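Reader: I am new to this structure, and I would like to ask how the terms used for it are justified. Could you take me through the reasoning step by step?

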Amino acid sequence: MERAKALTLLQTLVGCDLVGLGTKSGVTIWTRARTINKGWAGHTIERHLGLALNSSRSPNFGSWELKVVPVIALPNGTLKVKETMAITMIDRVEVAAKEFPESHLFLKLQRMVVVARIFESKAETRSLCHLVAEFDLGDQELYRQVKADYDLVRGVIRTKGFQYLSGTMGALVQPRTKGPGHGSTSRAFYARTKLVARILGISG
């Protein structure tokens with residue numbers, strides 16, 4: 001599906017309750033053990049667009065990437081990004097070998113559609129789709145900073161080792177552990193909240 005068509009379809013969801021939509025679409029929001037399926041919102045959007053679920057590190061629509069992020073509506077009417085956004089897993093061999101323009105990080109960021117949903121509570125009984133943003137890594141200043149963050153991670157992997165990556169690294173994109181349990185050694189690139197806010201066009 002082309003990104004322009006997807007944007008048109010996604011705009012029809014603005015104001016809709018994604019919990020209700022996901023439930024009708026057969027998406028598992030809560031497991032039998034009453035734990036939240038962290039990917040439920042993304043799965044709901046993918047079902048709406050007719051995309052089969054997958055975990056490939058390539059952009060999930062071939063030429064562009066879809067992300068869904070939670071935002072919090074503050075009492076003064078403004079929005080705040082709730083959390084960082086996972087972009088792609090870090091493959092230590094691939095990152096060490098590839099310059100930023102050939103990386104999976106760049107492939108994911110260069111053509112994105114990001115859907116913001118309103119997070120109301122941990123109960124997740126309702127979550128309204130608030131906005132749909134189209135993002136390209138075209139701003140040169142933004143490109144340079146993300147590239148610098150990638151190069152920092154790449155340099156540490158090549159000179160010190162994968163285990164020396166830290167979530168304190170990176171101004172806009174950070175390497176963080178990702179996976180089940182606190183002892184996970186897998187890491188992914190995450191967009192810090194200020195980058196997510198920039199993508200969505202909100203203040204923070």
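**Values set against their definitions**

Author: Just after helix H6, Gly161 takes a positive phi of about 130°. Please keep in mind throughout that this is a predicted model.

Reader: What is the extent of H6, and how does its reach compare with the expected one?

Author: Helix H6 covers residues 140-159, which is 20 residues, and from its first C-alpha to its last it reaches 28 Å. The expectation at 1.5 Å a residue is 28 Å, and the reach of H6 is close to that value.

Reader: Which residues of H6 are called buried, and what makes them line one face of the helix?

Author: The buried residues of H6 are Leu142, Tyr143, Val146, Asp149, Tyr150, Val153, Arg154, Val156 and Ile157. Seen down the axis of H6, these buried residues fall within an arc of 165°, so they line one face of the helix. As general background, an α-helix has 3.6 residues a turn, so residues three or four places apart point the same way.

Reader: What does the buried side of H6 pack against, and what does the face turned away from it carry?

Author: The buried residues of H6 pack against several elements, among them helix H4 (92-97), helix H5 (104-110), strand S5 (129-135) and helix H7 (193-200); strand S6 (173-177) and strand S7 (187-191) are also included. The face turned away from the buried side carries the exposed residues Glu141, Arg144, Arg158 and Thr159. In H7, one of the packing partners, the residues Leu195, Val196, Ala197, Ile199 and Leu200 are buried, and just after H7 Gly201 takes a positive phi of about 75°.

Reader: How do you know that Asp139 caps the N-terminal end of H6?

Author: A side-chain oxygen of Asp139 lies 3.1 Å from the backbone nitrogen of Glu141. A polar contact requires N or O atoms within 3.5 Å, and the distance of 3.1 Å from Asp139 to Glu141 meets that limit, so the cap is counted.

Reader: Why is the pairing of Glu65 and Lys67 called a salt bridge?

Author: The side chains of Glu65 and Lys67 meet at 3.5 Å, N to O. Because the cut-off for a salt bridge is 4 Å between a side-chain nitrogen of Lys or Arg and a carboxyl oxygen of Asp or Glu, this pair qualifies. Glu65 has a relative accessible area of 2% and Lys67 one of 14%; buried means under 20%, so both residues are classed as buried.

Reader: Which other residue meets Glu65 in a salt bridge, and at what distance?

Author: The side chain of Lys108 meets that of Glu65 in a salt bridge of 3.3 Å, N to O. This pair links distant parts of the chain, with Lys108 in helix H5 and Glu65 in strand S1 (residues 65-73), 43 residues apart. Lys108 is buried, as is Glu65.

Reader: What makes Lys82 and Glu83 partly exposed, and how are the two joined?

Author: Lys82 forms a salt bridge with Glu83, their closest N and O atoms being 3.1 Å apart. The relative accessible area is 33% for Lys82 and 37% for Glu83; partly exposed lies between the limits of 20% and 50%, so both residues fall into that class. Elsewhere, salt bridges that share partners join Arg3, Glu134 and Asp136 into one network, and the structure holds 10 salt bridges.

Reader: How do you know that Cys16 and Cys129 are too far apart for a bond?

Author: The sulfur of Cys16 is 7.2 Å from the closest cysteine sulfur, which is in Cys129. A disulfide needs sulfur atoms within 2.5 Å, so this pair does not count as one, and a search of the whole structure finds 0 disulfides. Cys16 is partly exposed at 31% relative accessibility, whereas Cys129 is buried at 3%.

Reader: Why is Arg34 called exposed, but Glu124 buried?

Author: Arg34 has a relative accessibility of 57%, and exposed means over 50%, so the name applies. Glu124 has 7%, and buried means under 20%, so Glu124 is called buried. Arg34 sits in the loop between helix H2 (18-24) and helix H3 (40-49), with a positive phi near 60°, while Glu124 sits in the loop between strand S4 (112-118) and S5, with a positive phi of about 50° although it is not a glycine.

Conventions
Residues numbered from 1 in each chain as written. Predicted model: local features only at pLDDT ≥ 70, side-chain atom pairs only at ≥ 80, totals over all residues. Heavy atoms only, no water. Helix = DSSP H or I, 4+ residues; strand = E, 2+ residues; numbered from the N terminus. Expected span 1.5 Å × (residues − 1). Buried < 20%, exposed > 50% of the residue type's maximum accessible area, 1.4 Å probe, protein only. Arc of directions from axis to C-beta. Contact = heavy atoms within 4.5 Å. Polar contact = N/O pair within 3.5 Å; in protein donor to acceptor, adjacent residues only side chain to side chain.
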